[in-house]
Each structure stands twice: as C-alpha cells, then as structure tokens.
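Welcome to a short tour of a protein model. Open your viewer, get ready to select residues, and follow along stop by stop.

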Amino acid sequence: MSTRKTITRFATIGGICTAVALAATACGAGGPSTTGSAGTSTVNVLVEAGGHAELTGVAEQCKKDAGVDVNFVELPYDGMFNRLSSEFSSGNVSFDVAALDSVWLPSFKDALQPIDEIFTDEAKKDIFPALVKEANVDGHFIGLPAWTNAEIILYRKDLFEDAKNKADFQAKYGYELAAPTTWKQYQDISEFFTKDGMYGTDVKGGVETEWLAHVLQAGSPMVLDGDKVVIDNAAHKEALDFYVSLTKSAPSGAAQVDWAAAQNLFNQGQTAMTRFWAHAYRQIPKDSPVAGKVGTAPMIAGSAGIGGVPGPWYLTVPKTTKNTEAAKKFVQCAYDHNSLGVESSLGLASRISAFEKYQDKEGYESFGPLIETLNGEATATRPATEKWQQIVDTVLVPMLQKAVAGGDSATLLTEAKKQIEDLIK
C-alpha cells in the first residue's frame, strides 16, 4: 500500500459527506455528471475524502467574497486516480477544480490549465520553496498548494525532562538529553530509552517516505536525478544503513510497521520518539497515556541539513472545463483564505503565513517545527515522474522491508536500481 493512501486513510476524520451550506454536496462516485455552463457561478470541486474538510471554510468564504457556489464531489483515494484518468482521457470532465495529490501532477500535467496569474511574486514568497518548484511544470504553474505536511519529531517531553533520565543520559553519552537534531543524537536517545518494556523509536519498513527524508539529509536527490537512477549512490546507502540501525531500538516486526501502526505505538506510550507527520500532534486522543506529555521538534538533520518530504495537495483547473473563470476564482479564494484550513479537522494549510498565524497558540506547538522542516535546505518533493507510485509500490517498499529484516543494503540498492531502470525505460 502506498504511503499516501495509508496516511490519507488514517488522517481522514469521518467518512461521510457533509453539506457545505452553500449548495448541495455530492458524495461518493456520483455527483454532477457535467461541469457548469460557461459563465456560471457554480463550480464542481473534486476532492479526496480527507480534503473536503480542508476546503469547506474556503468554499463558504468564496461564496461571500466572489459569489461562487461550490459542489464538492468526494471520492476515496483508491478510486480518485482512476476517475481522473478516465475523465481526462475522454476530455469530458465532471469537475471544474480537482485537488490532486502531488505525485499525480506529472501524470495529468497536459490536461491542466496554467494558473500563472495566481503565482505573483508576493504569493511565491509565502509558499514553501519546494512547493513552488513542484507546482511549476514545463514553465507554467499548474497547481496551487492547498495544504501540506511533513514529518517532524514527536517525543515524550515528560521522559526527556525527568531528572534521573537527564542525569543518566549525561553520564552515559556526555551531552545533555534534549530533542535530537542529528542522526547520532537520534540513535543515542533511541538506544537510551529502549528499556523496561519501552522502545526509543519506531522503524517503518512498510512505507518509504521516512527513509527518503534521510536520503535528502545525506545530500542526494531521492532515487532519481533527472532521468538518471541514483538509488545506489553513497547517500542512499548511508541513509539506509542509518535507518536499519534503529531497528535494535524499535519494536520487532519493523517490515510490517506503517504510519497507522507507528502512530498507535506512540499514542499508547510504547515509543519515546517518532518521526511523524505534523498533523498527528493535534490528533493525540485525550485518553491516551501520552496526552499532554508530547513535545515537538523539527525533523533531524544529516550532513546536508534538515530535510523532509512534503505531502502537499494541489488545486488544479482542467483545460476542458467550461467554467474557467469561476474555477480560477475558487482557486484564488483558496490562496486568499488558506488559513481557514488550520481550523478544519485535519488542521493544515500551505502558506507560510497561515502556519505562522497559529504557531504561538496553545495546541499548535507542531507548527514551528513544521515550518522549519518545510523550509529546510535539504527538503524536496518527490521526483516528477508519472512512474513514481509504481516505483514506490513495486520497488522501494519491498526493498525497505527486506533491509529492515536483515538484508544487505548495498545488494538491495543495486537490485532496486535495475528494477527502476526497467520501469522508466
């Protein structure tokens, strides 16, 4: 199962359609069968289940500001790509705006209109650099980031601040116990807290994103450098060896641990630290044994600095919509009122100013570290290839599962390079 499908499932709050109070909301694979006529003030917006809540406030505000009514057509992640492929191929789309997972942009770039006018110099300064770069395809901006995310460090603040733990750690490692900033510190702290039925961290062999973040921190592009496959270079091996080294401080069965399993381990108090998507900080259940005891810090840094893999979704306008003007008004509204997404159940945005608006408020302690991670000098988005999801599912995840189970990293990376070269021929 892909990283994005997994995180989307556990991050989605609820699974039913909610009326937007502006217009009737479509639910499931049904909904409006055709886009509005040219010049109409109603737009059909195709969203994945988890994204509906993020855009509800925007839709309400857009009705007030621009007179644009919104119908949301909500689909599960698994069916959305196929729906998009079918409609874009036929040229007869049932939506005026589509929220696309970032990994889909290369696949659908030829079916999307440029929205360069929204990316003013001022707008580009308020969007994280990696997202500005990803939105620009073949010289034109084709998607506006509506919300984004990245992994940060969540840690047991109560354990880190315990006087005995601090003294014991200082005596053993020769420096103060604090939120880790480097690979070495993360290894030491993970080792220190692996005792008395607790583990220092988790290792997620079932997903690829975390290892790829460490690849960026080691100074290499992820997997591909342009058209060249670089997965067997020194940085990829260094990152894989570091990742595998943490298994001795993590629960057994790392090959099967994915996002949901790791989140559950941390929320149940079984791990002292986790590298995890920032939104999860605000989703710790009130009855969790760690509730009120969690601290946050930016993603750790390797030799190239802090690096994370953003998880943005982009609002796009299909070329074949008959309602371009209203569609672009809605996308502009999504930029203008981006901070409304923070108040949704998922609680994310894409503008730097939107995160900064909340970062000092109680309950949003994850936002400062998220900003620092998304601005990290090594932070980068996934390679722009339509084969990316296939590479993840058939090569990267199986390779990681073998690595954390004890496979030889050099051999596995060499084999992965050949597999990927065969896929992108």
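## First stop: the largest pocket

The lining of the largest pocket is made up of 13 nonpolar, six polar and nine charged residues. Keep in mind as you look around that this model is predicted. In total, 28 residues line the largest pocket, and to find its centre you can select Pro 106, Arg 382, Pro 383, Ala 384 and Thr 385, which lie nearest to it. Helix H4 (105-108), helix H6 (129-135), strand E5 (136-137) and strand E9 (224-225) are the elements that each give two or more residues to this lining. Colour H6 if you like: the largest share, three residues, comes from there. How much space lies in the largest pocket? About 830 Å³.

## Second stop: the largest nonpolar core

Now select Leu 84, Trp 211, Ile 231, Phe 330 and Leu 396, the residues that touch the most other members of the 143-residue largest nonpolar core. Helix H16 (residues 388-404) gives this core its largest share, 10 residues.

Zoom in on Trp 211. Setting aside neighbours within four places in sequence, its contacts include Ile 231, His 236, Tyr 243, Leu 396 and Met 399.

## Last stop: helix H12

Select residues 259-267 to see helix H12. Which of its residues are buried? They are Trp 259, Ala 262, Gln 263, Leu 265, Phe 266 and Asn 267.

Next, look at both ends. At the N-terminal end, Asp 258 acts as a cap, with a side-chain oxygen 3.3 Å from the backbone nitrogen of Ala 260. Following H12 comes Gly 269, with a positive phi near 85 degrees.

Terms used
Residues numbered from 1 in each chain as written. Predicted model: local features only at pLDDT ≥ 70, side-chain atom pairs only at ≥ 80, totals over all residues. Heavy atoms only, no water. Buried < 20%, exposed > 50% of the residue type's maximum accessible area, 1.4 Å probe, protein only. Helix = DSSP H or I, 4+ residues; strand = E, 2+ residues; numbered from the N terminus. Polar contact = N/O pair within 3.5 Å; in protein donor to acceptor, adjacent residues only side chain to side chain. 1 Å grid on protein atoms, 1.4 Å probe; cavity = no way out; pocket = protein on both sides within 12 Å on 5 of 7 lines; lining within 4 Å. Points joined across faces, edges and corners; volume = space filled by probe spheres on them. Nonpolar A, V, L, I, M, F, W, Y, C, P; charged D, E, K, R; others polar. Core = buried A, V, L, I, M, F, W, Y, C linked by side-chain atoms within 4.5 Å. Contact = heavy atoms within 4.5 Å.
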